[in-house]
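User: I would like to learn how to read strand pairing and a DNA-facing surface in a model. Please take me through an example.

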Protein chains: 2
Amino acid sequence: MRYSNATNYALHTMVHLMLQPGGSSVGVQELAELQQLSPTYLSKILTKLTKAGWIESTPGAKGGYKVSRTKHEISFLDVIHAIEGDTSLFDCSIHHEGCLIENVMRQAEENMKRELESKLLIEIAKEAESQQNEEKS
Amino acid sequence: MRYSNATNYALHTMVHLMLQPGGSSVGVQELAELQQLSPTYLSKILTKLTKAGWIESTPGAKGGYKVSRTKHEISFLDVIHAIEGDTSLFDCSIHHEGCLIENVMRQAEENMKRELESKLLIEIAKEAESQQNEEKS
DNA sequence: ATATTATAGACATTAAGAGTCTCTAATATC
DNA sequence: GATATTAGAGACTCTTAATGTCTATAATAT
Ligand code: SF4
Ligand code: SF4
């Protein structure tokens, strides 16, 4: 019971793109090298993010990926949702009416999601940026 | 990203055992029929619960499983933990010091676990019992 | 002693995640 | 317009974990 590696890659890439000066595009080649994984695999992940609207892609020379204009509103949950889909952690196929067990599990999951929804990627990006600046000085 | 079926089976079995009058033992055969799965498979799951201390087993004729004496203190999280292990939902193998992403994920997971820890199985069992009584009357 | 029941472990099957490879489509540059 | 560059799509393989089966062993009641 773990979040997939793909989610991890997606989160890292998002933060990295947010740190690009002027919101310039970065190719999948470069992004893949940073995380030491194959470009084609990362490409699949980024396509999901593109379809979800969290990044924008432009093919061709000088193309690549850049974070979308909703940059300041993208939460952790948004990214996770784009990669993992909207499946529930606990999924009993039967669904008895008024199921007590399911209620508890759903409630707990909600608590987690609320937290993930309230945390914006931009906050992390900014913190990471200021950490880097501290190291330089 | 789902909890395993095994966890579901475990939760159901726990509630069922809590509803046994006088805390009498029930064989895996009967428990398996209730959930329509093979006795040997359920057996593996119940062994985990036994080792975790949430149920007690007695081999031999008239043996079976019964809920442990800590009956009134067993939480959802206890059972889940016994089956799923204590792995974290988000597990980056690198663990950079002071990692910001990991912090957020851990925090969110904590929120879920707190809820699962606060919910006791006995509450569900009692609710289920009173629901059954209502139906009878 | 015998029947009954849990436990252990080897084994097979299935499903999902992770990753590769190749071909196509779109774009910039010359 | 030709060419280089880049994303997207899809078939494919590999790996891992969950799921489940089978058989043999150990413990207990009668
Ligand atoms: S009681 Fe709830 S969790 Fe259990 S089988 Fe019914 S719907 Fe599923
Ligand atoms: S920043 Fe955090 S999540 Fe990312 S690689 Fe480092 S430890 Fe892992």
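User: Which residue is the bridge partner of Thr58(A) in E2(A)?

Analyst: Thr58(A) is bridged to Gly64(A) in E2(A). Keep in mind that this is a predicted model.

User: How many bridges join E1(A) to E2(A), and do they run parallel or antiparallel?

Analyst: E1(A) and E2(A) are antiparallel, and four bridges join them. The two strands make a hairpin with five residues between them. In the turn, Gly60(A) has a positive phi of about 85°. As a general idea for such elements, side chains in a regular strand alternate between the two faces of the sheet.

User: What does Gly60(A) contact on DNA strand D?

Analyst: A polar backbone atom of Gly60(A) lies 3.2 Å from a sugar or linking oxygen of the DNA strand. Two other backbone contacts go to phosphate oxygens: Val28(A) at 3.0 Å and Asn5(B) at 2.8 Å. Elements of both chains give two or more residues to the surface near DNA strand D: H3, E1 and E2 of chain A, with H1 and H3 of chain B. H3(A) gives the most, with five residues.

User: How many residues surround DNA strand D, and which are the closest?

Analyst: The strand is surrounded by 26 residues, the closest being Ser57(A), Tyr65(A), Asn5(B), Ser38(B) and Tyr41(B). By class, this surface has 10 nonpolar, 13 polar and three charged residues.

User: Which parts of DNA strand D lie within 4 Å of the protein?

Analyst: Of the strand's atoms within 4 Å of the protein, 70% belong to sugar or phosphate, and the rest belong to bases.

Conventions. Residues numbered from 1 in each chain as written. Chains lettered and ligands numbered in written order. Predicted model: local features only at pLDDT ≥ 70, side-chain atom pairs only at ≥ 80, totals over all residues. Heavy atoms only, no water. Near = heavy atom within 4 Å. Polar contact = N/O pair within 3.5 Å; in protein donor to acceptor, adjacent residues only side chain to side chain. Nonpolar A, V, L, I, M, F, W, Y, C, P; charged D, E, K, R; others polar. Pairing = 2+ DSSP bridges.
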